[in-house]
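Colleague: Could you take me through one part of this model closely, and show me how that part sits in its surroundings? I work at the bench, so please explain the terms as you go.

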Amino acid sequence: MTPTDDVRAQLAGLLPRLRRFARVITRNVADADDLVQVALEKALTRADQWRPGSRMDSWMFGIMKNAWIDEIRARRRRERVHAPEEAGATVGDRSAAARDIAMSVQAAMARLPEDQRMAIALVLVEGLSYKDAAELLGIPMGTLTSRLARGREALQAVLGRDGR
Amino acid sequence: MTVQLSDETLMAYADGELDLVARAEIEAAMARDPEVARAVERHRAAAAQIRGAYDGVLAEPVPGRLAALVAQPIAAPIVDLAERREARQPAAVRTRLPAWAAMAASLAVGVFVGILSTREPVAPYAGVDGVLVARGELDAALDSQLASGAVDATGVRIGLSFKDRDGDYCRTFHLQQEVSVAGLACRSGEDWHLQVLAAEPAREGELRPAAAMPVAVLHAVDAVIDGEPLDAAAEAAARDRHWQNAPEVAE
């Protein structure tokens with residue numbers, strides 16, 4: 001009971017970041033919150049698998065990654081089209097220019113291949129180290145690095161304005 | 001320049017991933033070659049732009065269904081406390097609490113109850129039939145304490161007292177314990193039913209101004225208050241009537 005209480009309290013604190021990560025990988029507000037819900041349900045039923053002292057954010061991102069990959073496969077099997085991407089969910093008192101940039105970045109991110117977007121979500125958005133992200137994705141560091149590099153290159157090509 | 005630095009290496013440097021030796025090598029290259037420095041700067045700028053594009057999500061209110069999932073099982077009835085209360089009232093009279101305020105509150109309750117239940121032998125409130133009821137020192141303070149602005153020995157400080165739209169008395173309070181919270185309690189018979197609990201915005205030892213009330217509590221007050229808060233005389237009179245309605249109001 002006590003570890004579960006602890007897990008619950010930590011999960012509650014992580015909710016905003018879980019939603020952000022889900023937004024990056026699903027590209028869609030409704031899908032993102034559904035993914036968070038599924039992942040929370042999974043996490044709560046196997047809370048005993050979380051090792052106290054280890055990073056709960058990485059643990060949750062791993063559960064979300066797997067749940068999302070399952071979901072994509074299921075959708076392909078059902079031959080359902082992806083829900084349309086939906087950018088611009090960003091709120092806040094930003095300037096119009098900042099909002100424009102955020103929306104172009106989100107749109108460019110949405111067009112990246114799944115594996116590159118996942119790598120960028122973990123490292124650049126959620127701040128995991130290359131090592132932690134590679135472990136979580138079950139890939140060698142070199143593969144993670146090249147996915148990050150290719151993803152970034154594609155984004156910079158689209159955004160372009162800071163280029164040489 | 002003898003070593004050709006790959007773009008991946010520059011990216012790893014910009015992301016703070018390289019060890020000391022490799023960092024020194026890149027920094028030397030950056031000093032020699034402005035093109036290398038510009039490439040690193042481009043990587044940094046791109047990283048900041050990508051991160052910034054999703055910052056807004058963190059500020060969004062968390063949907064209630066997600067907050068409810070991680071709230072304590074025993075807190076499950078608490079989550080829709082405001083709704084339950086509303087359900088008992090004629091709908092026309094009530095302004096609905098903004099959904100996000102209820103979410104923020106339920107999230108805070110979940111976290112708070114979680115912390116409290118492990119550390120506090122005597123909880124200042126208890127769940128009774130799906131409603132949180134003030135107990136012990138909190139109950140006593142709500143009954144007897146006037147809004148002096150001071151924290152009493154039990155760590156309870158009363159804020160506003162007012163009547164809600166059903167004519168029941170409500171009082172805001174601060175509870176200073178290991179975890180400081182603020183909340184709104186409304187009289188129901190001989191009990192105080194907690195409507196909202198939220199973590200205090202700041203944690204400093206000194207007294208905060210009475211206005212430093214978590215947003216979730218303020219919104220809960222706005223949603224139920226009828227007219228103005230009680231002044232000191234009305235507050236004292238209401239206390240002396242044990243927070244029951246005065247006969248002339250009831251008639």
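Modeller: Happy to; here is a walk along α2 of chain A, then outward to the core and the chain contact.

This is a predicted model, in which local features need pLDDT of at least 70, side-chain atom pairs count only at pLDDT 80 or more, and totals for chains, interfaces and linings use all residues. Residues are numbered from 1 along each chain as its sequence is written, while chains are lettered from A and ligands numbered from 1 in the order in which they are written.

First, confidence. The pLDDT is the predictor's confidence in each residue, from 0 to 100. Chain A has a mean pLDDT of 85, with 85% of its residues at 70 or more. Please be careful with residues 87–91 of chain A, where the pLDDT is below 50.

Now the helix itself. Helices here are DSSP runs (H or I, at least four residues), numbered from the N terminus. The expected span of a helix is 1.5 Å times one less than its number of residues. For the 17 residues of α2(A) that gives 24 Å, and the end C-alpha atoms are 25 Å apart, which agrees.

Which residues of α2(A) are buried? A residue is buried if 20 or more other C-beta atoms lie within 10 Å of its own, exposed if 12 or fewer, and partly exposed in between, with C-beta atoms placed from the backbone. The buried ones are A:Ala32, A:Leu35, A:Val36, A:Ala39, A:Leu40 and A:Ala43. They lie on the same side of α2(A), because they cover an arc of only 135° around the axis; the arc is that of the directions from the helix axis to the C-beta atoms. An α-helix has 3.6 residues a turn, so residues three or four places apart point the same way. On the other side of α2(A), A:Ala30 and A:Thr45 are exposed.

Let's follow A:Ala39 inward. Leaving out residues up to four places away in sequence, A:Ala39 touches A:Leu18, A:Met60, A:Ile63, A:Met64 and A:Ala67; a contact means C-beta atoms, placed from the backbone, within 7 Å. A nonpolar core is a set of buried Ala, Val, Leu, Ile, Met, Phe, Trp, Tyr and Cys residues joined through C-beta atoms within 7 Å. In the largest one, of 63 residues, A:Ala39 is among those that touch the most other members, as are A:Leu18 and B:Ile50. The largest share of this core, 11 residues, comes from α1(A).

Finally, the chain contact takes 43 residues from chain A and 38 residues from chain B. On the chain A side, α2 (29–45) is one of the helices that each supply at least two residues, and α1(A) gives the largest share, 14 residues.

Notes:
Two residues are in contact if their C-beta atoms, placed from the backbone, lie within 7 Å.
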